[in-house]
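Colleague: Got a minute to go through this one with me? I'd like to start with the cysteines.

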Amino acid sequence: MSGETARSLMNAGVRCVEAHETLDRAAQMMRDMNVGALPICGSDDRLKGIITDRDIVVKCVAHGMDPSKVTAGELATGLVWVSSDASVDETLAKMEQNQIRRLPVIEDGRIIGMISEADLARHLPDDKLAEFVHRVYASS
């Protein structure tokens, strides 16, 4: 694992939902890409936050709000990210400290990928993965 970086863990096939897009559009994008979270970007292509399928349900639908009228930017949360050259240990520590399961990867101020639990499962040794899962889920 030494020498590996966030870039080596990430999935580079990331697409943003723009902050002005509605939540129903974000949900359609998640469905089409088979993902549970999307980074939210502004018109400047800069990260504004992240939105999950759970956010849409809990923070919009469960409150009786209309997902065709609420924008992704209105629910933008979690402006937590990691630099592409961060070590694997730094990356895991950031995810653990923030109790998050998905982490945007930034390079030159722009999002270039996302790290998910599936990415960690593919790249981490079993003992390191088990330690991460325990730390993130222990206080959930």
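**Cysteines and rings**

Modeller: Let's begin with C16: leaving out residues up to four places away in sequence, C16 touches M29, P39, C41 and I111. Keep in mind that this is a predicted model.

Colleague: Where does C16 sit?

Modeller: C16 is in the loop between α1 and β1.

Colleague: OK, and how many disulfides does the structure hold?

Modeller: There is 1 disulfide in the structure. The bond runs from C16 to C41, with an S to S distance of 2.1 Å. C16 is in the loop between α1 (6-9) and β1 (17-18) while C41 belongs to strand β2 (residues 37-41), so the disulfide ties together parts that are 25 residues apart in sequence.

Colleague: Is C41 buried or exposed?

Modeller: C41 is buried, because its relative accessible area is 1%, and the cut-off for buried is under 20%.

Colleague: What about C60, buried or exposed?

Modeller: C60 counts as buried too, with 0% relative accessibility.

Colleague: And how far apart are C16 and G64?

Modeller: From C-alpha to C-alpha, C16 and G64 are 26 Å apart in space, and 48 residues separate them in sequence.

Colleague: Switching to rings: how many aromatic pairs does the structure hold?

Modeller: The count of aromatic pairs is 0.

Colleague: Hm. Which residue lies over the face of W81, then?

Modeller: That's K94, at 5.6 Å from the ring centre of W81.

Colleague: And what sits over the ring of Y137?

Modeller: The charged end of R101 does, 4.2 Å from the centre of the Y137 ring.

Key:
Residues numbered from 1 in each chain as written. Predicted model: local features only at pLDDT ≥ 70, side-chain atom pairs only at ≥ 80, totals over all residues. Heavy atoms only, no water. Disulfide = S-S within 2.5 Å. Helix = DSSP H or I, 4+ residues; strand = E, 2+ residues; numbered from the N terminus. Buried < 20%, exposed > 50% of the residue type's maximum accessible area, 1.4 Å probe, protein only. Contact = heavy atoms within 4.5 Å. Phe/Tyr/Trp six-rings, centres within 6.5 Å; stacked < 30°, edge-to-face > 60°. Lys NZ or Arg CZ within 6 Å of the ring centre and 35° of its normal.
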